[in-house]
Structure formats: structure tokens, C-alpha cells
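Here is a friendly walk through one sheet and one helix of a protein model. Have the structure open beside you as you read.

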Amino acid sequence: MRMRSNEKSGKGMSNGRAVNGFLLDITGVLYNSIYKSDGVAIAKSAEAVDFLYKHSNVKFLSNAKGNSNRNVARRLQRLGINVREEDVITPAPVVAQYCREHKLRPHLFVREDVLQYFDGIDTSSPNCVVMGEVEEGFSFERINRAFRVLIDMPKPLLITMGNGKFFQRVDGPCIDVGAFAAALKFSTNCEVLNIGKPSRFYFEQGINALGMKPEEIVMVGDDLMSDVGGAQACGMRGIQVRTGKWRPDFEKLPVTPDLTADCLYDAVKLIADNGFRL
């Protein structure tokens, strides 16, 4: 399938640079989430992933905070999207490694599914808070406990797994971790370190996993600021898809995608039809 000319965002495809690797967001690009359910695969996302595995290089860079890499991959596989676990990158293991390297003792405000990554890390007398939970385990009591830990620190540090304003579920938009981080910063004057998109540190995890230069890679996402803007700030190209959290008013925001497409399949097909150039 070839895309209509008005699906492009203004750059001449025939004169584009080579595309040797893809970073794909997961929620809103491959599937739409449903509370306490596997969710629903987005049309032709499985075909797009199969095509990329056969003809290019691909990794999956997600801000999925509450699930292990294994469970993210298994969820997608149950939806018919054949993603390999070793190709999934999520914030929790990256945050855990950061805590080890910097000798941090985190107060953990996360889901049980990712606690495994923090095994062996000292959590007594916390000198930071790690926050990733925003759904079923979230409560006033838990965020207030995090607040109390932070406000008693001489130099309070909050590490967040992503910095999104909201994410999209089938039943509607849901407030995300960035909003709760802003509340904790407002109330404690803590430093906020985001280990998730759009931080350069997190994008570098995907770049390093692909083993390529940033200019060889395109990032495909539904979040204009975090996915597209964050990738472009790191030297990659960013593609906006009109699935997931996309809204028409995104076009008024101060980020211009290198390409806008109706879905992942259309974006991949257009680039492939152009000789893997964008």
C-alpha cells in the first residue's frame, strides 16, 4: 500500500537519508490498552512488525512502567504481534541499573511485576523515590508516603519512569506519571530525573541496542513531544502516527514530525517503497 501524498510532512522522500533501523513505541502504536486486559492490536501492526524483522532492524522502546520486558512481549504475542523479549526496552531495568551504579537507595512506588529488577538493591533509609505506578496500585496513601519520604530528604530526588502527561486506553485518556511527578515537585521542591522518553539517556538505550548512529534510525510513536521531539533532539528522525493518543491539535505543537502517517503499517510501507529512505 502506498500512502497519499498529503500523508507526508513536507520532506521529499526521494532525497531522504537511509533508514537502517527502527525504534517503535508500543502502546498506541502496536496496540491500545484496556484496563486489566491485554488490550487490542492496532490494525496491521503485526504485519508491520513481521516485515521489519525480515527486512530491517527493530527495537521496541516503551515507557511501559508497570510490566517486565517479558510480560510486555508476552502480551503482544498473545495479541498476535510477534515481538521478541530481548528486543523490548522498558524503564524499570534501566532505572534499577542506574540506582546500582549511583549507589541509590530507592523508596519504590512501582508495580510488583517490576520489583524483580530491584532485587539486591538496598531500600533502607531511602535517598530517592522511584515512581512508575499510575493505575491499579495507585492511591492517595502511596503517593502521600512518597511525599513524606521526599520532604524529609536534605536533597530530595524523584526518579520517574517516563514523564508523560497522559496515555490512551480504549476507555479514554488517563493521567500519566509526569503529572504526579509535577505534584511531588510542587510540594517538595525535589529534583526530578526522568528515565524514560523523552530523556536523552533513555533514547540512548535504544540507539545502543540497535548499534547504529542516531541519523540511521527513525522513531515511530503516538506522542508528538516525547516520541518524536525526543528522538529528533537525539539526532534521529521522528514519525508521528495517528493512533493511540494522537490528536488533531498536536499539529499546533512546536514539533514537526519528519513524517505523519495513519498507522505504523502505512509509515513502514512508505519508507520501504522508497528504498528505506526518509
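## The open sheet

In this predicted model, four strands form an open sheet: its 4 strands run in the order β6-β7-β8-β11, and their pairing is parallel. The edges belong to β6 (106-109) and β11 (191-194); each has a single partner strand, so one side of each is left without a neighbour in the sheet. If you ignore direction, neighbouring strands here are turned by 20° against each other on average.

Take a look at one of the pairings. Strand β8 (residues 157-160) joins β11 in the parallel sense over 4 bridges. Within it, L158 stands opposite V192 of β11.

## Helices on the sheet

Which strands does helix α3 touch? Helix α3 (residues 91-101) packs on the sheet and touches β6, β7 (128-131), β8 and β11. The direction of α3 makes about 150° with that of β8.

Helix α4 (residues 140-151) packs on the sheet as well, touching β6, β7 and β8. Its direction makes about 165° with that of β6.

## Helix α7 and its surroundings

Now move along the chain to helix α7 (residues 224-233), which is mostly covered, with 7 of its 10 residues buried. Those buried residues are L224, S226, D227, V228, G229, G230 and A231. Their cover includes α6 (200-210), β12 (217-221) and β13 (237-241).

Both ends of the helix are worth a visit. At the N-terminal end, D223 acts as a cap: one of its side-chain oxygens lies 3.1 Å from the backbone nitrogen of M225. After α7 comes G235, with a positive phi near 95°.

Methods
Residues are numbered from 1 along each chain as its sequence is written. This is a predicted model: local features need pLDDT of at least 70, side-chain atom pairs count only at pLDDT 80 or more; totals for chains, interfaces and linings use all residues. Side-chain values use heavy atoms; hydrogens and water are left out. Buried means under 20% relative accessible area, exposed over 50%, partly exposed in between (1.4 Å probe, protein chains only). Helices (H or I, at least four residues) and strands (E, at least two) are DSSP runs, numbered from the N terminus. Contact means heavy atoms within 4.5 Å. A polar contact is a pair of N or O atoms within 3.5 Å; within protein, one must be able to donate a hydrogen and the other to accept it, and residues adjacent in sequence count only if both atoms are side-chain atoms. Two strands pair if DSSP finds at least two bridges between them. Axes are lines fitted to C-alpha atoms, for helices over the stretch in contact, and angles run from 0 to 180 degrees between N-to-C directions.
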